[in-house]
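Me: Please look closely at one buried position in this structure and work outwards from there to the rest of the chain. I have not seen this structure before, so explain any term the reasoning depends on.

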Amino acid sequence: MNDESRLKQLQELVKNQHEVFAASPSQFSQDKLMETLQIYQAELEMQNQQLLETQQALQLQKQHYSQLFQLQPVANILLDRQGVIKDLNSLAVKLLATTKPRLIGSSVFRFLTEDAGIWLQDKLQLDGSKTVTQHQSLIELAVQRQRRQQCRVNLALLPTNNQLDAHVILTLEDVTRETMIELERVLFKTMLDNSHALIFAIDSDFNLLVANRAFYKLHKLQPQFANTVNVRDIFPKESVQRLQSIYDTVFIRGIPVTYEYHYTVEDKNKFFQTSGFPLKNDQGVITGAGFITTDISDKMNVEIRLQTAMQVFSEGAEAVVITDGALNITQVNQSFCLLFGCTERVATNQNLANFLKVPLKDDSQLEIKSRLATEGFWEGEVLAKHIDSSELPAWIRLSRVPKEGEFRNYLVIVTDLSEAKAREAHISRLAYYDSLTGLANRLLLRDRIESLLKRAQHEKTIFSLLYLDLDHFKDINDVHGHDIGDDLLVQVAARLNGLFRSSDLICRLGGDEFIVLLAGTPADVAQEKAAQLVQVIGEPYLIHPHQLFVTASVGVVSYPEHGISYAELMQHADLAMYSAKHAGKATHKHFTVELMDAVKRRYAMQGQLKQALAAKEFTIVYQPIFSAGTAPDIAGVEALLRWTNPLFGAVPPDEFIPLLEESGLIIDVGDWVLEQSCQTVLRLNKRFNKTLYCSVNISSVQLWSQGFEQRIQDILDRTGIPFSEVKLELTERVAMEKPQQAALLMARLATVGVRFALDDFGTGYSSLAYLKHLPIDTLKIDRSFVNDIGQDKDDEVIIRALVLLANSMNISTTAEGVETEEQLQFLSVLGCNELQGYYLSRPLSEDSLQLMLGGEP
């Protein structure tokens, strides 16, 4: 029974006693009543005292509760079921960042984010009438506008009959710092693992404390086992030595260090930079060291390239200038000073225009500015002005620096063209001009004509050719000698120069043949010039002590009436010239309809040639090649192509082979000739136990055709003939068309055993210097020299020189066109290795060749 119940019971007792006393006062004495009252009073006082003590205990308990509530290490908030704050401790006040009076009676939802409010509202609606239920979550408080606070919340739903003026206890623990620390840890680890640098930390015993992903990957480590690794066990010896060398600086003295080194990674030389720094605890004691290693290979390579560029700039052979945007010179190298004859100090701050004379045409100036603006680059030929006022040709390359981005400077490279120009002129003189007369040669003529033909594709162009051949010039050589003949040719050249304009091109084709290119000259004017030419050439020549007479036969063609290609025009001019000779010489003829018949025959013949191979109209004859000596013996054969056509009959090779070359048919026909010839020689060698070789002519079209080398090897492999028993003949002209490319191509075939012969040697205009670069096995002396043996001492001297030259280079010689005993003896005594000609044997069929070798067909 509590004090309040006892008090009510006592009051009821007093009331009852009072009623008894009033009803029968006589039954009780006054003393007895007083005694009873005193007892009741004493008991009442005792009960009052107990009630007071109970009230004090409750008050103390309430104070203890209040103190305990306030001193809780976490924020506590008492709420009713609507979320109204009934009470809260000081940490909660601090967390909500306002005063307690303002908080009491306010809604807690004003301090929650939307998601946190939904969670709390959901929990407040749960039934909590009987027992305490608890719920936990992580929510955000929206106390401050700029920053939200992360809180770990514990919600206790109290029974409805609790003595507190609340139904919910909300406990909040601010974990914002913990969350930020964890976020920073994750962010730090992410940054480490995504860094290309190698980042790691070790203690003073070199045990690995922490590292990033790049470090683990390089050293093939698993992160979970990293704390068991000592870097001495995984680092190269050099790296460990470097760590030991900086131990005192970093681990003892606590001074950061940075050092660079190179290291081989996957067979590549790499450059690295490592920064080491001490790691200290909260007391400032060094507990380890951290290291960041960065691959600086690109930077070092840039520095190396920069150093190289600076060295090239300073020591380069070409003049290099750096200017500002207005072309004012800011820097020059030593070569610039040498080229222009000035010092760097004199050149600096001057405008580049003071040293260079650029094209003055308006369109040239505009082109330069346009190219610089759009492409950032211009180059062209200029005149460089020396400090002594002299000028020299130069090539300038002008570039914006940098090419992209903000423009700052121009880089200018000036190349002195003086030597190149002189060399070019000398080479041009050798390549394009006749050494005897100083006139242009065939190469320059062809170049000029083809240039005019190209121009004709875009604009109307006319020109004419005068093809001149001296009549009976051979007689002058035979009677007076070649020196007199050469002097005569020089005087003819002088008369040609006097007769024609400087814009006309006068060319010596070779021997006593000349041609004049008359640009812009129609056919009728060319005829008049041809008549003047015949007259001028026919005047007497005084060559001490002789007065000589020579005439000229001239053929005239004009473009486009008489041809539209170089070859066609030259052929028609040649036909016209021979027409003049046939007309009695000392005259001129133009290309006529009659000559056109020959051209039509040529075209018809081209059409027949396209079917000739398939129609089996081609045959091969073999001219034996004999070893020289007292008893010449057959050493090999030269395969010669023959064509017999139902329409044209037997056509001479010099008529149909050029047509094969022009049409490109020579490629297939040439492959057929090679294969058939190899099979024939292979059969003969097997039957007669010989080692004859097969010599096959190769044209320019074949040599430069695609897949030539492979086709040759395929044919030789297919026939089974030993490569050493095959000799490919190239004329001197073909070999010298592209001497460097020819040398490389021939060398590749020579490595597999194919041999080469150089045909018609001595008839061209090539340099003998090229001969040593060609893998030549045999030098064939042209029949034009052999024909005059016994008649022309000069030709005999040439033959001796050719044989001597070949012997000195370990090259065998074969003389063509041997037709007399005198020629045979001369060449044999001279030491010529092999002989070929009608005197020894005409070209033979395979059957006839078998008879020569002593067998039956």
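Reply: A residue is called buried when its relative accessible area is under 20%, exposed when that area is over 50%, and partly exposed in between. The model is a predicted one.

The position chosen is Ser 695, which is part of strand E27, residues 693-697. Its relative accessibility is 1%, so Ser 695 counts as buried. Setting aside neighbours within four places in sequence, its contacts are Ile 625, Val 637, Glu 638, Ala 639, Lys 727 and Glu 729. The list of partners for Ser 695 thus includes the run Val 637, Glu 638 and Ala 639, as well as Lys 727 and Glu 729.

Just before this strand in sequence comes a loop. Asn 689 sits in that loop, between H23 and E27. Although Asn 689 is not a glycine, its phi is positive, at about 55°. Unlike the buried serine, Asn 689 has a relative accessible area of 70%, and therefore it is exposed.

On the other side of the loop is helix H23, which leads to the interior. The largest nonpolar core holds 75 residues, and those with the most contacts inside it are Phe 618, Trp 643, Leu 728 and Leu 827. Helix H23, residues 666-688, gives the most to this core: nine residues. Phe 618 can serve as an example of the packing. Not counting residues up to four places away in sequence, Phe 618 touches Leu 609, Ala 612, Leu 613, Leu 641, Arg 642, Trp 643, Phe 656, Leu 660, Val 669 and Trp 672. Trp 643, one of these partners, is also among the residues with the most contacts inside the core. Another core, of 30 residues, lies apart from this one and includes Leu 470, Leu 499, Phe 514 and Val 554. As a general point, nonpolar side chains tend to be buried together in soluble globular proteins.

Phe 591 is a second buried position. Its place is the loop between strand E23 (588-590) and helix H21 (593-612). A relative accessible area of 4% is why Phe 591 counts as buried. Its C-alpha atom is 6.3 Å from that of Val 556, though 35 residues separate the two along the chain.

Val 556 falls within the residue range of strand E22 (551-559), and the loop from E22 to helix H20 (566-582) holds Pro 560. The peptide bond from Tyr 559 to Pro 560 is cis, with omega near 10°. There is another cis bond between His 544 and Pro 545, where omega is about 0°. Pro 545 is in the loop that runs from strand E20 (541-543) to strand E21 (546-548).

Positions with lower residue numbers give further cases. Ala 97, in the loop between helix H3 (90-96) and helix H4 (100-103), has a positive phi of about 60° and is not a glycine. With a relative accessibility of 52%, Ala 97 counts as exposed, because the limit for that term is over 50%. Asp 295, in strand E10 (residues 286-295), has a relative accessibility of 39% and so counts as partly exposed. Its contacts, leaving aside neighbours within four places in sequence, are Lys 270, Phe 271 and Phe 272. Between Asp 295 and Phe 271 there are 6.1 Å from C-alpha to C-alpha, and the two are 24 residues apart in sequence.

The model also has enclosed space. There are two cavities of 30 Å³ or more, and the volume of the largest is about 230 Å³. Its lining has 16 residues, and the closest to the centre are Leu 198, Phe 235, Ser 239, Tyr 261 and Thr 293. Strand E6 (198-203), helix H7 (213-218), helix H9 (237-245), strand E8 (257-265) and strand E9 (268-280) each give two or more residues to this lining. By type, the lining of the largest cavity comprises eleven nonpolar residues, four polar and one charged.

Finally, the chain as a whole. It has 31 helices and 32 strands. Of its 857 residues, 41% are buried, and Ser 695 is one of the residues that count as buried. Among contacts with a separation of 6 or more, 55% join residues 24 or more positions apart. The exposed area is about 48,000 Å², with carbon and sulfur atoms supplying 52% of it.

Definitions and conventions
Residues numbered from 1 in each chain as written. Predicted model: local features only at pLDDT ≥ 70, side-chain atom pairs only at ≥ 80, totals over all residues. Heavy atoms only, no water. 1 Å grid on protein atoms, 1.4 Å probe; cavity = no way out; pocket = protein on both sides within 12 Å on 5 of 7 lines; lining within 4 Å. Points joined across faces, edges and corners; volume = space filled by probe spheres on them. Helix = DSSP H or I, 4+ residues; strand = E, 2+ residues; numbered from the N terminus. Nonpolar A, V, L, I, M, F, W, Y, C, P; charged D, E, K, R; others polar. Core = buried A, V, L, I, M, F, W, Y, C linked by side-chain atoms within 4.5 Å. Buried < 20%, exposed > 50% of the residue type's maximum accessible area, 1.4 Å probe, protein only. Contact = heavy atoms within 4.5 Å. Areas by Shrake-Rupley, 256 points an atom, 1.4 Å probe, with all protein chains shown as cover.
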